[in-house]
Amino acid sequence: MSNANLTGHTRPISRRTALKGLGVTMFLPLLEAMAPGGASAASRAVSSPVRFAALYMPNGVDPAAWTPVGSGATWQLSEILAPLSGLQRDLLVFTELMNRYSIDGDGHYAKVAPFLTGTHITKTTGSDLRCGGVSLDQELAQHLGNLTPLPSIELSIEPVTTGVDTNVGYTRLYGSHISWSSPTTPVTREIDPQQAFNRLFRSPVSEASPAREAVDSSVLDAVAHDAAALRKRIGTADRAKLDEYFEAVRAVERRIAFDAARRKGEVLDDTLARQAVQKLGTEIYSYYHDADLIRRRGIDHTGQVRLMLEIMTLAFWTDSTRIATFMFANEVSDRNFSFLPGVSGGHHQISHHGGDARKLAEYRRINTWHIEQYAWMLNRMKQIREGDGTLLDNAMVLFGGGMRDGNAHSPYNLPILLAGRAGGSLAPGRHLVYGKNTPLCDLYRGVSNRMGVPVQQFGNSDGELPGLSDAAFAGAGSA
């Protein structure tokens, strides 16, 4: 953005205005100056787009502790869903949704790969994958991706799992993907937070490029000239919004830098941990829990997940993309959750609880941890004002998994949540109980419609899931 673009105080700023520097392009959050007439007209003249995110949790849940008590608008959070206290009015909980074409295959892999496609996968032990369709996120990206710098983003924190699961005769590749751009093409996930951050703000550069030297510096330093010029043009409220945005970006850069130091082995003892905190900011303590965790594990698992969720939030905030997916882990992941009090062991192993009371308690704690991260992202989005509402008001954030009880590999009555208001076209705050085996794809039809991409058919959908916009609807079944 040149200085010439910043002259004249009556011409509104384009929603696609970006701050630029060497190898850096920073798109802006919605500002009052982007609408003629300023604050009073901002929400009318510059409509906030609807965003969609899907967060995938592997290995199922303890069904006895998942389902809320009551239905409709009169309901109580269950034990596992307790971290969503304070977000209940922003939430839809669904009971008795089922992914029809995930029931034909044994084990986990036939549940995760078709989670967002609603189709039947082909059993194979090789790389000749075929999931049967295009996933919901990529269907949306194909229609809306031209409106944003990035059509979609796909994030995770675990590398793709390879090899064959001989117990069920499926390639493990199926367990690593929920996003499919074609029936045979899973979309690559980004697992490195630095690379995910770079996708939002940095242009690809070669080793010989002058911009190569700037990669390790702050993107805010690179756009400082444009930012200073912009501040002269906008009002007090917009300058406050810009400061909030810049501080969020700076905080993410610090957390990424801390992780990079940890990966290089620079944070190995108490002294170096204290030095890293002093260098990178005291918020490291609150973000990554405490100094002991910093010393022992550097950036812990919770911190890694939240860093990716914050990057996803930045992408929505700046309208860099409107579609995102995140996998907490690959299906069948046996990530060790011993960092949680009362848990000792790996996720997949604990999910096969066999009814053992001790394992079930550990399983619930792991389930609850996942909900805590979901709640963290929702609260983060709710903090960000946008037009007359919040970023969460203008979004749909799906949370779910491809099976209910990990011990039984049950694909029925899936654990599915949807948060946000989709710009006012959803009526959250309810637990909706449907008849048994109601198609999950009916929900996806409703999501697609609210994204402005109506589809004639998706998976085994019979039509849009009823009640999404009807605040009085409680569902067709009984809790």
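The legends below describe close-up views of a predicted model.

**View 1. The open sheet and the order of its strands.**
Seven strands make up an open sheet with mixed pairing, and their order across the sheet is β7-β12-β3-β15-β16-β6-β17. Strands β7 and β17 form the edges, since each of them pairs on one side only. On average, and with direction ignored, neighbouring strands of this sheet are turned by 15° against each other. Helix α13 packs on the sheet, where this helix touches β3, β6, β15 and β16, and its direction makes about 175° with that of β15.

**View 2. Strand β6 between its two partners.**
Strand β6 covers residues 91-98, and in the strand order of the sheet it stands between β16 and β17. Eight of the eight residues of β6 are buried, so this strand is largely enclosed by the rest of the structure. Four bridges join β6 to β16, and these two strands run antiparallel; within this pairing, Phe94 has Ile416 of β16 as its bridge partner. Strand β17, which spans residues 430-439, is joined to β6 by six bridges, and here the two strands run parallel. In this second pairing, Met98 stands opposite Pro439 in β17.

**View 3. Ile416 and its surroundings.**
Where in the fold does Ile416 lie? Ile416 belongs to strand β16, which covers residues 416-419. Its relative accessible area is 0%, and because buried means under 20%, Ile416 counts as buried. When neighbours within four places in sequence are left aside, Ile416 is in contact with several residues, among them Trp66, Leu92, Val93, Phe94, Leu97 and Phe115. Its contacts also include Leu398, Phe399, Gly400 and Gly401, as well as Leu440 and Leu443. Leu440 is 24 residues away from Ile416 along the chain, and the C-alpha atoms of these two residues are separated by 8.9 Å. Strand β16 also pairs with strand β15 (residues 395-400) through four bridges, the two strands running antiparallel, and in this pairing Phe399 stands opposite Leu417 of β16.

**View 4. Helix α3 and what covers it.**
Helix α3 covers residues 136-144, and seven of its nine residues are buried, so this helix is largely enclosed by the rest of the structure. The buried residues of α3 are Leu136, Asp137, Gln138, Glu139, Leu140, Ala141 and Leu144. What covers them includes the strands β3 (51-56), β7 (153-156), β10 (180-182) and β12 (323-327), and also the helix α14 (440-450). The helix α3 lies across β3, β7 and β12, and it runs at about 155° to β12.

**View 5. Two nonpolar cores.**
In soluble globular proteins, nonpolar side chains tend to be buried together. The largest nonpolar core of this model has 79 residues, and of these, Met26 and Leu55 touch the most other members. Helix α13 (residues 357-383) supplies the largest share of this core, namely eleven residues. Apart from neighbours within four places in sequence, the contacts of Met26 include Thr17, Ala18, Leu19, Phe201 and Val219, and Leu220, Val223, Tyr245, Phe246 and Val249 are also in contact with Met26. A second, separate core of 37 residues includes Leu140, Ala422, Tyr444 and Phe458.

**View 6. Salt bridges between charged side chains.**
How many salt bridges does a search of the whole structure find? The search finds 19 of them, including the three pairs described here. In the pair formed by Arg254 and Glu247, the closest N and O atoms are 3.8 Å apart; Arg254 is partly exposed, with a relative accessible area of 28%, and Glu247, at 43%, also counts as partly exposed. Arg365 forms a salt bridge with Glu372, with the closest N and O atoms 3.5 Å apart, and here Arg365 is partly exposed at 24%, while Glu372 is partly exposed at 25%. In the pair of Arg450 and Glu464, the closest N and O atoms are 3.0 Å apart. This pair links distant parts of the chain, with Arg450 in helix α14 and Glu464 in the segment after α14, 14 residues apart. Arg450 has a relative accessibility of 14% and counts as buried, whereas Glu464, at 34%, counts as partly exposed. Elsewhere, salt bridges that share partners join Asp90, Lys382, Asp393 and Arg421 into one network.

Notes
Residues numbered from 1 in each chain as written. Predicted model: local features only at pLDDT ≥ 70, side-chain atom pairs only at ≥ 80, totals over all residues. Heavy atoms only, no water. Buried < 20%, exposed > 50% of the residue type's maximum accessible area, 1.4 Å probe, protein only. Contact = heavy atoms within 4.5 Å. Core = buried A, V, L, I, M, F, W, Y, C linked by side-chain atoms within 4.5 Å. Salt bridge = Lys/Arg side-chain N within 4 Å of Asp/Glu carboxyl O. Pairing = 2+ DSSP bridges. Axes fitted to C-alpha atoms, helices over the stretch in contact; angles between N-to-C directions.
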